[in-house]
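User: Can we go through the aromatic contacts in this one?

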Amino acid sequence: MMGPLTLNHYLLLSGVLFAIGTAGVFLRRNLITMLLSIEIMLNAVNLTFVAVGRFRGLVDGQIITFFVMTVAAAEAAVGLALIIALFRHRETLSPDAFTSLRW
Amino acid sequence: MLLLIPLFPLAGFVINASLGRRLTKSISGGLACAAMIASFAVSAFLVSGILGEHAAPLEYTVFEWIASGSLHVPFTLRLDHLSALMILVVTGIGSLIHIYSTGYMLEESDAEYARYFSYLNLFASFMLVLVLGANFPVMFVGWEGVGLCSYLLIGFWFRKQSAADAGKKAFIVNRVGDFGFVLGMLLIFATFGTLDFQQVATAASTRAVENGALGVLTIATLLLFLGATGKSAQIPLYVWLPDAMEGPTPVSALIHAATMVTAGVYMIGRNAVLFSHAPVTLSIVAAIGVATALMAGTIGLVQNDIKRVLAYSTVSQLGYMFLAMGVSAYAAGIFHLYTHAFFKALLFLGSGAVIHALGGEQDLRNMGGLKKYLPITYWTFLIGALAIAGVPLLSGFFSKDEILFRTFTANNPYRLLLWGIGMVTSLLTATYMFRLVFLTFHGERRVSAHASAHPEEEEPAAHGAHPAHGSDRGAHDHGHAPHDAPPSMAIPLIVLAIGSIFAGYVGVPHAVGGSNRIERFLEPSFEVSAATRSLEAGAPPAVEGGPVRPVAVQETHAADTEGGDHGSTEIQLMALSSGVAIAGIVIAMYFWLWNTAAADAMYRRMHGVYTLLLNKYYVDEVYDAAIVQPIKLLSTGGLWKGVDAGVIDGAVNGVGQTVRAASSVLRRLQTGSIRTYAASLFLGVALILGWYLLNAR
């Protein structure tokens, strides 16, 4: 029963990946895992771009994806550096330990 | 060359103001005197150049000051006959007073001494700009500049509260007048499109004389006159001048008697053509002048402070000058200005010598019998008093008589009333001046332990460690006999005394065989100059003899040709006013020399009048109640507590409090937990997306 792959398949996969990423951000109690989850969300979006571009015969989706990947790389670098700094500070990776920036 | 006249004192000011702290007294004082004398020499040289019959006025444009559209104001100095007389008075008498000051101010510290002379030089510079200015704005520069220097010098001993207050009072009262002056200036520009004196005069001369109606010329001249009342201390703005006596005495002599306060008179003389075309204004000028003369004369009769008597006398004499201006006797007014400068400067310097000799005593009740201690001061003071009283053959006699004669023959329905009040004031003048002479120099010496008699006089000493700083009284030894003026002070006194005797001889009237040279000398300044008239190509030739010339000038010519009738009137009036002057002196002799008990009895009998006069008609109190207190009340209750504290502060504080209240609730959102933030972000995105998706179809 495997019909041809349509755009909907890609969008569905993308939605699932995005949901996994979102759930990871909300549910996991480790900053590194949360960062990974954000990467998953970004890649879900990338998949959407590429798929839509592919099916509509445009290159724009791929171009945007390169930008997103660049930003994601930078974000990962900064994010990991921050996490290391935070860990040195508190000896923990739980986000609940870092709530001093509040009212 | 013309620029050098105000530039010399300005240079003196710059040097003394910047380096004065490091200069010794002889250098800073000598520098200031040298600047004035140099300025006087240049003035004399330039004036000699324009003395000829048909010599044109000198003019020098320093730079183009304002050029904006049709407004075109060059910084031009112009030397004509009127300003020639003025610069000679300012630099001549100014030099003498500078020399006098080197002796008078010797007790100040070096820095204070230099500060004093820098102000004095700055004043001279501005005064010269005022009289040399060829248009209204340049004159206004000088006008405001002398006002500033007046403020600085009245408050020279600013550590003393009363001196600081007097300076502020002079400055603020003058601002009221200056406001009128500026408005008048603007109205003239709006009407004539120019601010040059000659061009304004030419333009005004082509207009009809504004009889009765409240025309634009009348309003403009009234506004200018308001400026003159401020500067020249006339009703209603005269109140600052008596208080100005808080300044050093030479300042009172130079600024508040001889030069600055005559600026208003000069300004009207400068705009004689303009004022001649507004008879309503002239009548008001005459009325205010004579009212001021009488009022100040009566106050002067009972004051006990030697300088205040002289201050009221100045106000009174300025009233005479305005009376002359008001009856279109411009030359007579300027003539009186000129003679008055001599004898009033002399009287003030003489009083300064007395104050100096007594170590700061200014109260007449503590003087007396000084004749034998201060012979030079006594004799010179006596000459000044005789001159101001109008005793025949001294300078004041000729000028005052000229004014009274012109008033008597003026073309004014109230001329006899004006003349009558003028005569009464003349009597008062003689009386209060000789009261001053007798109380100061004659009788028994009443100098006693005045420190205990007048506890308020000790006040300044309490303020600062330096007694000479806080007050006019020096650090003299009261035990010693008073000493006469040192040479630096005595020489100016003698020169001024000689001037007070002979200055009047330039204006001996025709009636007694003189030629009244000053009137003919000044005449060209009061009419439209030939040069500008020829520029006015369209002006009909009929204008020449007609409305171009002020009324007084026409009358002079009438007097010249058919002088017989007027001549005898003039001689009769002269005899009368001489009689009045001598009567005044005799009255003073009776009350304050022969029968001093009578004076006391008189004071007791007319207690109400005496108190009224002693308190200067309560004008200061009335002004305080009518103007100062309401403004204070409005400012405190309305503007300060209402508008400022209520509305403006309220708005500012209200904004702050609203934000604070709102944020005390809203800041709860800032939990610090990343999870919460992420959740709200997610929720927000979901809501927005959901909303769009729902509305998509």
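User: Are F335(B) and Y338(B) buried or exposed?
Analyst: Quick note first: this is a predicted model, where local features need pLDDT of at least 70, side-chain atom pairs count only at pLDDT 80 or more, and totals for chains, interfaces and linings use all residues. Residues are numbered from 1 along each chain as its sequence is written, and side-chain values use heavy atoms, with hydrogens and water left out. Relative accessible area (1.4 Å probe, protein chains only) decides it: under 20% is buried, over 50% exposed, in between partly exposed. For F335(B) and Y338(B), the verdict is buried.

User: How do F398(B) and Y505(B) pair up?
Analyst: Phe, Tyr and Trp rings (for Trp, its six-membered ring) pair if their centres lie within 6.5 Å; planes under 30 degrees apart are stacked, over 60 edge-to-face, the rest tilted. Here the centres of F398(B) and Y505(B) are 5.2 Å apart with 65° between the planes, so the pair is edge-to-face.

User: How far apart in sequence are the parts that this pair ties together?
Analyst: F398(B) sits in helix α17 (residues 395-408) of chain B, while Y505(B) is in the loop between α22 (487-502) and α23 (517-522). Helices here are DSSP runs (H or I, at least four residues), numbered from the N terminus. So the pair links parts separated by 107 residues.

User: What relative accessibility does Y505(B) have?
Analyst: Its partner F398(B) is buried, at 4% relative accessible area. Y505(B) counts as partly exposed, with a value of 35%.

Terms used. Chains lettered and ligands numbered in written order. Helix = DSSP H or I, 4+ residues; strand = E, 2+ residues; numbered from the N terminus.
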